[in-house]
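Reader: I have a structure open and a list of terms I don't trust yet. Can we go through them one by one?
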Amino acid sequence: MAQEKIGFIGLGNMGYPMAKNLEKAGFPLSVYNRTIEKAEDFKEKSTVYQNISDLVKNSDIIFTMLTNDEAVKIVYEKVLTLNISGKLFIDMSTISPEVSNEISKAVKIKEGSFIDAPVAGSTKPAADGTLIIMVGGEEKDLEKALPYFEKLGKQVKHLGENGKGLAAKLSVNYFISAIYQGLAETILLSDKLGIERKDILEIINESASGSGATKVKTPVLINDNYEAAFALDLMLKDILLAKNAGADFPLSKTLIETYQAAHDAGFGKDDVIGIINYLKK
């Protein structure tokens, strides 16, 4: 198993620490990123490729961690021009189940394998190797991926055929978008009523209303510093994907309206809980 050559495409906020964890585990690793500077730190222990074709040709298992449908399509259009027979592709991006299923079918026609494996967790769990990995695909492909997933996450959940990992991810992020808007509104209410943020957040976190989501955003809200661990724009993308997948509820209309308006007002690059600054206005 250790002799399998691993490729990793996409070294963004999530992909970089994930690829680093595979490198630290000692797997033979190759990386590619559109902006080559982001691959600089991999040159000492891994192979950095200047193009996707060379990475795919020289890898047995290829991970992709990209921003959206368009970015994934661009990469796999290139992949599908190559001989990929016997290779396993693991897409960990959060994209639409439709696009993922199209790519999965196209990869299989060319005698490759494909699983969707999006993750729950942002940049710190990615760095700590404590992500939750939601998998859609065949059991045999998951078994092949498992030694690598174990270095990336604390839990791997197989949910069924291709597309089911993404279905779970969109459901989870839909819920988190509601938690963050609700938390932001609650903090603004307590601000108006003269309660210190650290006090109200301690009460929230120690009560039934607290969760991992509220705890991870507590220092962000107390310090009033909204540098992105998970950007508001990415949450907007995921709520829209959830809507297209069937989230047609009273709350989904409100969430889309708020996150879209926050994006339009220039808050899209802030952390998702930075929606508080839009709501404050």
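Reader: Which residues in H8 meet which residues in H9?

Author: This is a predicted model, so keep that in mind throughout. From H8 come Arg197, Lys198, Leu201, Ile204 and Asn205. From H9 come Thr214, Lys215, Thr218, Leu221 and Ile222. By class, this contact has 4 nonpolar, 3 polar and 3 charged residues.

Reader: Why is H8 called roughly antiparallel to H9?

Author: Take the angle. Helix H8 (residues 197–206) and helix H9 (residues 212–223) pack at about 180°. The cut-off for roughly antiparallel is over 145 degrees. The angle passes that cut-off, so H8 is roughly antiparallel to H9.

Reader: What else describes the packing of H8 and H9?

Author: The distance between their axes, which is 10 Å. Two packed helices are described by the angle between their axes and the distance between the axes.

Reader: Now helix H1. What makes it largely enclosed by the rest of the structure?

Author: The count of buried residues. H1 covers residues 15–24, and 8 of its 10 residues are buried, so it is largely enclosed. The buried ones are Gly15, Pro17, Met18, Ala19, Lys20, Asn21, Leu22 and Glu23. Just after H1, Gly26 takes a positive phi of about 90°.

Reader: Which residues have a positive phi although they are not glycines?

Author: Glu111 is one of them, with a phi of about 65°. Asp224 is another, at about 55°.

Reader: Where is Glu111, and why is Glu111 called exposed?

Author: Glu111 sits in the loop between helix H4 (97–109) and strand E6 (113–116). Its relative accessible area is 57%. Exposed means over 50%. The value is above the cut-off, so Glu111 is exposed.

Reader: And why does Asp224 count as partly exposed?

Author: Asp224 has 43% relative accessibility. Buried would need under 20%, and exposed would need over 50%. The value falls in between, so Asp224 is partly exposed. Asp224 lies in the loop between H9 and H10. Asp224 and Ile276 are 52 residues apart in sequence, but their C-alpha atoms are 9.8 Å apart in space.

Reader: How do you know that Ser96 is buried?

Author: Its relative accessible area is 7%. Buried means under 20%, so Ser96 qualifies. Ser96 lies in the loop between strand E5 (88–91) and H4. Leaving out residues up to four places away in sequence, Ser96 touches Asp69, Leu166 and Leu241.

Reader: What makes Ala242 buried?

Author: The test is again under 20%. Ala242 has a relative accessible area of 6%, so Ala242 is buried. Ala242 is placed in helix H10. Beyond its neighbours within four places in sequence, Ala242 is in contact with Leu170, Tyr174 and Ala247.

Reader: How far apart are Ala242 and Ser96 in sequence and in space?

Author: In sequence, 146 residues. In space, 8.4 Å from C-alpha to C-alpha.

Reader: On to pockets. What is the volume of the largest pocket, and which residues are closest to its centre?

Author: The volume is about 1,000 Å³. There are 38 lining residues, and the closest to the centre are Gly12, Met65, Leu66, Thr67 and Asn68. Helix H3 (69–79) and helix H10 (232–245) are the elements that give two or more residues to this lining. By class, the lining has 17 nonpolar, 13 polar and 8 charged residues.

Reader: And the second largest pocket: what is its volume, and which residues are closest to its centre?

Author: Its volume is about 550 Å³. Of its 25 lining residues, Ala120, Gly121, Ser122, Ile176 and Tyr180 are the closest to the centre. The lining divides into 14 nonpolar, 5 polar and 6 charged residues.

Reader: Which element supplies the largest share of the lining of the second largest pocket?

Author: H7 does, with 7 residues. Strand E7 (119–120), helix H5 (123–128), helix H7 (164–192) and H9 each supply at least two.

Key. Residues numbered from 1 in each chain as written. Predicted model: local features only at pLDDT ≥ 70, side-chain atom pairs only at ≥ 80, totals over all residues. Heavy atoms only, no water. Axes fitted to C-alpha atoms, helices over the stretch in contact; angles between N-to-C directions. Helix = DSSP H or I, 4+ residues; strand = E, 2+ residues; numbered from the N terminus. Parallel < 35°, antiparallel > 145°, perpendicular 65-115°, else oblique. Contact = heavy atoms within 4.5 Å. Nonpolar A, V, L, I, M, F, W, Y, C, P; charged D, E, K, R; others polar. Buried < 20%, exposed > 50% of the residue type's maximum accessible area, 1.4 Å probe, protein only. 1 Å grid on protein atoms, 1.4 Å probe; cavity = no way out; pocket = protein on both sides within 12 Å on 5 of 7 lines; lining within 4 Å. Points joined across faces, edges and corners; volume = space filled by probe spheres on them.
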